[in-house]
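Please keep the sequence and the model open side by side while reading. The text goes from the whole chain to single residues.

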Amino acid sequence: MKRFSILLLLALLINVAAMAQSAAIRNIQQMAREDNRTMQHLDILCNRIGGRPAGSNACENAEEWAVKSFQDWGLEVKLEKAGQMAVGFNRGGWWGRMMGEEQMTLHFATPSYTSGTKGPQKGHVVIEPRTQAEFDRMKGRLKGAWVLVEGKSRGWALKHDADTKAEREKIRKANEEAMQYNSMMAGEDGKRKEIDTSTPALFYDEMVAAGVLGFIQAAPVPITALYDTEVVKNGVTFENLPTVPDIKLDEEQYARIYKMAKERRQIELEFDIRNHFHIGPVDYHNVIATIKGTKHPDEYVIVGAHLDSFDVATGGVDCGSGVSVVMEAARMIAQSGAKPDRTIIFILFAAEEFGLYGSQAWVEAHADLLPKISNMFNRDGGPMPYSAFSAPASLVEEYKKIAEPICELYPDYDFTVNELKPRPMPTRTGGNDASSFDVKGVPTLQMNEWRDVKGYGFDYREIWHTERDTYQKSIPEYQEQAAGAMALMVLGTANLKQMLPRDEVYRPTDKE
Ligand SMILES: [Zn+2]
């Protein structure tokens, strides 16, 4: 009899726990439907805080705001130092125009961690010299000039490191020899030697010394703006920063101005670029928020996105669309009354854009936890909805149950669960923070986010590190759906009877 009542009590308790879990799921569904705050988070992140590269004040603001938000929702939060910049950077506004025979407003951007102007600066336009003879002929005209340089911008600042300078020196020599050969031999053997006209800024140092106002390079639209690798990666300090602006101009405008400069027409350009630095070092941090597991507190589900972004826009998609969904999923789970079996760790990674620095730092600092991570969910692929999940073979039925409340909540999205085909474990990190985990053998299964279910015509390449990566490029309906689906998927994974079996995720690597 006694034994019987203990069993009964046990059964009752299990039932109560199960009921609490299903109440939590209902609460999440209700919050997702009636009080979905995904776009509020995104609004604050993009429009109040703004673009936020590692080392910027905005980046620090974003860290502070994320910590406070997670705390307000009842999560345990900490900042973990992930690295440091030798110098900090803050972007202000920028504008430019052409004056003289023709006028136009200039459409351009500058990479992060590059120099601004000294207030509005007006000057004539020259085309960069390709040979010493050319340089000598125009050196007097370089002072106070905007210089059109060769090549098509892919967003990077013009290089000014020692290796590049040595390379330019070589090209200049070859160009010199070709010029001499052409002038002496051309008449005799009829052959001409090529002059390199594709490498930009062959006389970089000499032009800076001569007092040019800045460099201008043609850029495809939408304009991409990345950063100065020397400053960001090689520890250039406040005292040794480049001093000349590095402008990436709409390629159509560039072509127009190039032609007019060639024709020696009367035009001037004026730019005002407010790029500012501050003395480093500047630390950057991963923001880590935890909901402790009740049954297996030392097993984990990780949910990540990266907090940093480029600043030529406001990181509305990359990775605002990830951060806002991860934060809202955290809020919904925390406030649903859920008591997940496993510990859920939400991580807003630092400095992803400069080379996955935040996730690399986390994986290194927490190597002991890696074998205990069931799955790492990461959102960094745009403002898309979740419409499927491929589950390890032995968990397909379990995941169909996890998907039920997602389907119920979002009938239009036709959420399906398929069987995962194991893949070889990656050997090299790729394009996002999940890859810092999968090279360590941690499962990083993601929900399918590639179906533009309602046909919004989103194109990731349009926003990727460009001037268009703003709040407006996000898709509210999809973002809210993703937050609800993420909350339910993560909670379900944390409550599975077992961790994801790694041998059903990664194929054993073939031995050669
Ligand atoms: Zn990203």
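The paragraphs below take the overall layout, then strands and helices, then a few residues in loops.

This is a predicted model. The chain has 512 residues, of which 46% count as buried. Its secondary structure comes to 14 helices and 15 strands. Taken along the principal axes, the C-alpha atoms fill a box of roughly 110 × 55 × 45 Å. Among contacts with a separation of 6 or more, 85% are between residues 24 or more positions apart.

The domain assignment gives two parts: domain 1 is made of 28-86 and 281-507, and domain 2 covers 102-265. The C-alpha centres of domain 1 and domain 2 are 41 Å apart. Where they touch, domain 1 supplies 11 residues and domain 2 supplies 13 residues. The side of domain 1 that touches domain 2 consists of 5 nonpolar, 2 polar and 4 charged residues.

Strand 7 is a useful place to begin with the strands. Strand 7 spans residues 246-250, and 4 of these 5 residues are buried. Which strands pair with strand 7? Strand 3, residues 108-109, runs antiparallel to strand 7 and is joined to it by 2 bridges. In that pairing Phe-108 has Leu-249 as its bridge partner. Strand 6, residues 214-219, runs parallel to strand 7, with 5 bridges between them. Here Ala-219 stands opposite Asp-250.

Another pairing involves strand 11, residues 373-378. Because 6 of its 6 residues are buried, strand 11 is largely enclosed by the rest of the structure. Strand 11 pairs with strand 9 in the parallel sense, over 5 bridges. Val-303 and Phe-377 are bridge partners in this pair.

Strand 9 also appears in the surroundings of helix 10. In helix 10, residues 357-365, the buried residues are Tyr-357, Gly-358, Ser-359, Ala-361, Trp-362 and Val-363. Their cover includes strand 1 (76-100), strand 8 (267-291), strand 9 (296-306), strand 10 (342-349) and helix 12 (434-438).

Next comes a pair of helices. Two packed helices are described by the angle between their axes and the distance between the axes. Helix 2 (residues 38-49) packs against helix 14 (residues 476-494) at an angle of about 115°, and their axes are 9 Å apart. Angles of 65 to 115 degrees count as roughly perpendicular, and helix 2 and helix 14 are therefore described in that way. Helix 2 contributes Thr-38, Met-39 and Leu-42 to the contact, and these meet Pro-476, Gln-479, Glu-480 and Ala-483 of helix 14. By class, the residues of this contact divide into 4 nonpolar, 2 polar and 1 charged.

The remaining points concern single residues, starting with the loop between strand 6 and helix 7. Ala-225 lies in this loop. Is Ala-225 buried or exposed? A residue is buried if 20 or more other C-beta atoms lie within 10 Å of its own; Ala-225 has 27 and is therefore buried. Leaving aside residues up to four places away in sequence, Ala-225 touches Ala-109, Thr-110, Pro-111, Ser-112, Gly-155, Lys-248, Phe-310, Val-312 and Glu-467. Of these contacts, the one with Val-312 joins residues 87 apart in sequence, with a C-alpha to C-alpha distance of 6.5 Å.

Pro-222 lies in the loop between strand 6 and helix 7 too. The peptide bond leading from Val-221 to Pro-222 is cis, with omega near -5°. Another cis peptide bond runs from Gly-280 to Pro-281, with omega near -5°. Pro-281 lies in strand 8.

Two residues other than glycine have a positive phi and are worth finding in the model. Ala-201 has phi near 55° and is placed in the loop between helix 5 (162-189) and helix 6 (204-210). Ala-201 counts as buried because it has 24 C-beta neighbours inside 10 Å. For His-465, phi is about 65°. His-465 sits in the loop between helix 13 (460-463) and helix 14. With 23 other C-beta atoms within 10 Å, His-465 is also buried.

Terms used. Residues numbered from 1 in each chain as written. Predicted model: local features only at pLDDT ≥ 70, side-chain atom pairs only at ≥ 80, totals over all residues. Domains from an automatic or database assignment. Contact = placed C-beta atoms within 7 Å. Nonpolar A, V, L, I, M, F, W, Y, C, P; charged D, E, K, R; others polar. Helix = DSSP H or I, 4+ residues; strand = E, 2+ residues; numbered from the N terminus. Buried ≥ 20, exposed ≤ 12 C-beta atoms within 10 Å, placed from the backbone. Pairing = 2+ DSSP bridges. Axes fitted to C-alpha atoms, helices over the stretch in contact; angles between N-to-C directions. Parallel < 35°, antiparallel > 145°, perpendicular 65-115°, else oblique.
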